[in-house]
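The exercises below concern the structure shown here. Work each one from the coordinates before reading its solution.

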Amino acid sequence: MIDAHTHLDSCEPPNAELVAAAREAGVTRVLTVGTDEASNRTALAAAEAFGEVWAAVGRHPNSAEGFDDAALEDLRALAGHPRCAAIGETGLDYYRLAGRTVADMEWQRERFRTHIRAARITGLPLVVHTRNASHDTLDLLRSEGAGLVCGVFHCFTETREVALAALEMGFHISFSGILTFRNAEDLRQVAREVPLDRCLIETDSPYLAPMPHRGKTNQPAFVPLVAAKLAEIKGLSLAQVAQATSANFERLFGLVQLQKAERNHAETL
C-alpha cells in the first residue's frame, strides 16, 4: 500500500530507517511533502535517495516565509525535478488567527492562488491543506480552475458537503490516522460515502499517529492501520482497500509518466 502524505524531514529516526520500516510493513511508496524552501529540497533529496519515495513541493499556508516572484520561479524549477509528483502542500488555514481576522489572511489566499496556477502550468496535481477555511478553499479552487489540474484534499477532516464539493471538482480525499480516533465518528461517516476509487490513505507523519499508537511519533509504517480502519468502515477486505488506494495514487500522481521522465532524464546525464 501507499502512504500518500508524510513529512520525512520532520520524522525520527533518519529516513533510511523509516523507509526500511515502511517496506517491512508492506508500504511500497511514500509521498514526502515539502512545506517551505528547505523541506522542499529535503523532500527531493529523499526521493532521489530511495526508490519508494516521491516528493511534493510547496509552501504550507502557515509557513512564515515570504512568497515573491523569485520564490514562485524556484517552486516551478523544483517542480520540474523528475522525482516531483505534486505541488503542495498548499491551501488555507484559519485555525490560529491570533487576533487577526479572515480578511487579514489575504496573503494566504494569494499564495494559494499562486500554487494553483503553478499546478496548472506544470500539469502536476495539488496537495491541498484546509483548516477552518473550507468555504474560501473551495471558492479559490473553482475560481482558479483547479478542476483542470485536480489533486487531493489531504488529512481530510471536513464535512460531507465539503467532500462532495471536492469530489465534484475531480479531487481525491485522503484519510489519515484520525479515522481511527474514538471521537471521529463524523469523519468515519464521510469515509463511508466517499467512493473507493477516490480514496487515498496517509499518515501525515510525524503527526496524528493512528490507534493504538495515538500520542506517539507517527511514521509511514503505520499507514496499514489507516487502511484497515477504512476497510472496516466500508465493509471491504484490507487487500481490496490496499489495491484500490494504491491504484488511485498511481493514477492521480501519474507515476507511470513520471517514471518514464525520470528514465529519460537519467539517460541524458
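**Exercise 1.** Which radius of gyration does the chain have, and what would a compact globule with 269 residues have?

Solution. The model is a predicted one. For 269 residues, the globule rule of 2.2 Å times the number of residues to the power 0.38 gives a radius near 18 Å. The chain has 17 Å, so the value agrees with a compact globule. Along the principal axes, the C-alpha trace spans about 50 × 45 × 30 Å.

**Exercise 2.** State what share of the residues is buried, and what share of the contacts with a separation of 6 or more joins residues 24 or more positions apart.

Solution. Taking buried as under 20% relative accessible area, 57% of the 269 residues qualify. Of the contacts with a separation of 6 or more, 71% are between residues 24 or more positions apart. The chain exposes about 11600 Å², and carbon and sulfur atoms supply 52% of that area.

**Exercise 3.** Compare the expected span of helix H4 (residues 106–122) with the distance between its end C-alpha atoms.

Solution. The expected span is 1.5 Å times one less than the number of residues. For the 17 residues of H4 this gives 24 Å; the end C-alpha atoms are 24 Å apart, so the two agree. Just after H4, Gly-123 has a positive phi of about 80°.

**Exercise 4.** Which elements do the buried residues of H4 pack against?

Solution. First list buried residues of H4: among them are Arg-109, Phe-112, His-115, Ile-116 and Ala-119. Then trace the contacts: the buried residues of H4 pack against helices H3 (69–79) and H5 (134–143), and against strands S4 (84–93) and S5 (126–131).

Definitions and conventions:
Residues are numbered from 1 along each chain as its sequence is written. This is a predicted model: local features need pLDDT of at least 70, side-chain atom pairs count only at pLDDT 80 or more; totals for chains, interfaces and linings use all residues. Side-chain values use heavy atoms; hydrogens and water are left out. Buried means under 20% relative accessible area, exposed over 50%, partly exposed in between (1.4 Å probe, protein chains only). Contact means heavy atoms within 4.5 Å. Accessible areas come from the Shrake-Rupley method with a 1.4 Å probe; for residues, only the protein chains shown count as cover. Helices (H or I, at least four residues) and strands (E, at least two) are DSSP runs, numbered from the N terminus.
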